[in-house]
Amino acid sequence: MEDASDSGFEVVTSEGSGAEQAPAFSQGKAPVSTSPEITSPATNENYCTLSEIRNSEREEQTSQNSVLTENTANGTETASMTEDNETLRKTDETVQSENLERFSGEVIQQDYHMPDVITVRVQTDSDSFQEVVVKIERRTYNKPFLGGFRNMSTGVEFHNAGSQTKPKRRPDKGIQLFCKETQTVVEKNKQQQTRNTTSTQMTKIGLYVSNMTDKLITPGKYFTAEEYHKRRLEAVIVLQKYFRRWHAINLAQNLMEQKRLRLAREAQEELQKKREKEEKLRREYEKKLNPKTKEDFELLYHDLELWMQEETARINRTLSGAERKAALCVLLEEETELIACIGMHRLNANVENQQKAILQLLGKCAQPRRWKAFDGKITEMDTQNTLRGKELLEIYRSISTKDIPKDERTSVLLTLKCTVKEHECKLTQEIVSLIDREIDLMSREVKECNLEGLRKRICTLFLQYIKIPEFNPEVAGFLKVPQDPLKLYKNVYFCHSCENYLPSTEFPIPANSHTIGRCRSCYQLDNEARKREAYFKYRLILENLRKSEVDYQDDTKIVFLVQLPDMQYLIENIWNSQSALSACSDLYELVMIRWDKQHEWSPWNTILLTKEEADAHLKLCNLQKFSLLKCKKLSGLVCAAC
């Protein structure tokens, strides 16, 4: 609230009536009464100025001081507490009577609420007054208690006045502070009863105490402090003996248990290795009996070449002249028969692989959309294109199934006819005509063997129908040949061996190559006709090496430039197809890792070890801890790779 000057002014409410406001003291801690304010109605005709209120209060204070001074003097002369109390009581009655006489015509208002806006009449000149509208600011906090006193007679409390403005908030220092009560120890005083002293009552004249429960105690042998400590030392030694025995038994049992577990684990590992080796041999034997992939036929041709070399060496060693030539001719005829047999197996495998590839392509087209939610669950959604792919997949499986009844075959053909009739083109017209022809032939009881060619033709045409994006939109993302002819000019190279234009992925690029050479098919054909090398084992080693290098995440590049012939050269010529430590020659058990794992893999930073030796080697933090002999030997082998 705005402060007014000490000149005379009047306080009225905004409505024109209200209560007088008690004057505020200029000093910071003047006594202010907190009892209900004494107010009287104010009118526009009768105002009470501030100077008159101050004069009345000064007169009241002067009268109280004079009365108290006289009473104090009388009490000093008589030195009687009774007279002092009587004098004080009379003084209070006098003050109360004066107050009642002064405020006899005033009405005491117990409950008064300050309005939000008041009008203050300020005297500007001797004859002029000015009304000022003042807005009352309500305090939103509790003012601090700054001390005060209470009148013992009237019970009125007087508090020291505080500032009217809101106290300044201390700046936040970013440090958590605690009050004094939190930082100090809370002490508590409590009275306790001390122990009472007791005594033993003995038999005397006039009193008998029974000695039936008494015990006769005789003093034992006295021993010195040295003997006492000696006995304690002997007892401690006995305890240590028993503890050490118990600890040794537990340690021996733990070692025996660890040995038993280690032997059991080693036996389990040996058994697992034996099973894995037998499984590998069984799978390899199965691949040779029923070859299906390119790697299987590579193994067959490699074994054929090894057999030819052994037989040729045996004939050259045991025979000579015409017998040798005849034996070599017979060997050549056997080789020709074996090559023809391998070719028949390849044709059958190609048919099966082609059928599997077709079903795999159609399965991808029918696969729903999948994504992983925030909670780890997989959500699947079928779109219009995937539903179309599922429909075409089911029809293709039905028409390619053999040995089904005529009624079911007819139903499948009619379903296919309705499906392809949705799109009018030359291909669909040909499919419809072939379907009608097969239905007509089946109605005439034509044999199944005579309908195989017609059915294969229907399957082939329907497969062409499925691979057209206009009829199956989902297949557009899985076709190797792009639909836009302009894209065929990008990343397409010419093979000088087979004279075909192929994409860049069909050309193997050796590390020392400067130009595009032959395609993969030509390399494979040349290998089968001349060297007949098997890269299956080297391919496994190279794949494991690339996976391990990806886990390092140090942007390694050299390992992805190395090809299978390069890996074969490193293993056979540099490392002699065996482990550098244990001389294990089983390529299935060997892996190639970094010699120094702090640097990226390269032909001069590599070593060939078994899987167990590789795990132990990668755990080494400092290669200098190796023995000098092993370091020289391995370093020499590594330098030979350069």
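How many Å² does the protein expose, and what percentage do carbon and sulfur atoms supply? The exposed area is about 48800 Å², and carbon and sulfur atoms supply 54% of it. The legends below follow this predicted model.

**Figure 1. Overview of the predicted model.** The protein has 642 residues, and 23% of them count as buried. Its secondary structure comprises 15 helices and 12 strands. Among contacts with a separation of 6 or more, 55% join residues 24 or more positions apart.

**Figure 2. The largest nonpolar core, with 28 residues.** Tyr396, Ile399, Leu416, Val420, Ile431, Phe462 and Tyr465 have the most contacts inside this core. Five elements are labelled here: helix 6 (321-366), helix 7 (384-400), helix 8 (406-420), helix 9 (426-443) and helix 10 (452-466) each give two or more residues to the core. Helix 10 supplies the largest share, 8 residues. In soluble globular proteins, nonpolar side chains tend to be buried together.

**Figure 3. Close-up of Leu416 and the residues it touches.** Residues up to four places away in sequence are not counted here. Leu416 touches Ile395 and Ile399. Leu416 also touches Ile435, Ile458 and Phe462. Of these residues, Ile399 and Phe462 are listed, like Leu416 itself, among those with the most contacts inside the largest core. Ile458 and Phe462 are buried residues of helix 10.

**Figure 4. Another core, of 25 residues.** This core lies apart from the largest one. Its residues include Tyr535, Ile541, Trp575 and Trp601.

**Figure 5. Helix 10 and its cover.** Helix 10 has 15 residues. From its first C-alpha to its last it reaches 21 Å, close to the 21 Å expected at 1.5 Å a residue. Which of its residues are buried? They are Leu454, Arg455, Ile458, Cys459, Leu461, Phe462, Leu463, Tyr465 and Ile466. Their cover includes helix 6, helix 7, helix 8 and helix 9.

**Figure 6. Helix 11 (520-531) and its packing partners.** Cys522, Asn527 and Glu528 are buried in helix 11. The buried residues of this helix pack against helix 5 (294-318), helix 6 and strand 9 (492-495). Just after helix 11 comes Arg532, with a positive phi of about 55 degrees.

**Figure 7. A nonpolar surface patch of about 240 Å².** Tyr493, Ile509 and Ile516 make this patch. Where is Ile516? Ile516 sits in the loop between strand 10 (500-503) and helix 11. Its relative accessible area is 32%, so Ile516 counts as partly exposed.

**Figure 8. Glu445, a residue other than glycine with positive phi.** The phi of Glu445 is near 65 degrees. The loop between helix 9 and helix 10 holds Glu445. Is Glu445 buried or exposed? Glu445 counts as exposed because its relative accessibility is 58%, and the cut-off for exposed is over 50%.

**Figure 9. Gln553, in the loop between helix 12 (536-552) and helix 13 (564-574).** Gln553 is not a glycine, yet its phi is positive, at about 55 degrees. With a relative accessible area of 73%, Gln553 is exposed.

How values were computed. Residues are numbered from 1 along each chain as its sequence is written. This is a predicted model: local features need pLDDT of at least 70, side-chain atom pairs count only at pLDDT 80 or more; totals for chains, interfaces and linings use all residues. Side-chain values use heavy atoms; hydrogens and water are left out. A nonpolar core is a set of buried Ala, Val, Leu, Ile, Met, Phe, Trp, Tyr and Cys residues joined through side-chain atoms within 4.5 Å. Buried means under 20% relative accessible area, exposed over 50%, partly exposed in between (1.4 Å probe, protein chains only). Helices (H or I, at least four residues) and strands (E, at least two) are DSSP runs, numbered from the N terminus. Contact means heavy atoms within 4.5 Å. Patches are made of residues with over 30% relative accessible area and no salt bridge: like charges are joined within 9 Å, nonpolar side chains (Val, Leu, Ile, Met, Phe, Trp, Tyr) within 5 Å. Accessible areas come from the Shrake-Rupley method with a 1.4 Å probe; for residues, only the protein chains shown count as cover. A salt bridge is a side-chain nitrogen of Lys or Arg within 4 Å of a carboxyl oxygen of Asp or Glu. The expected span of a helix is 1.5 Å times one less than its number of residues.
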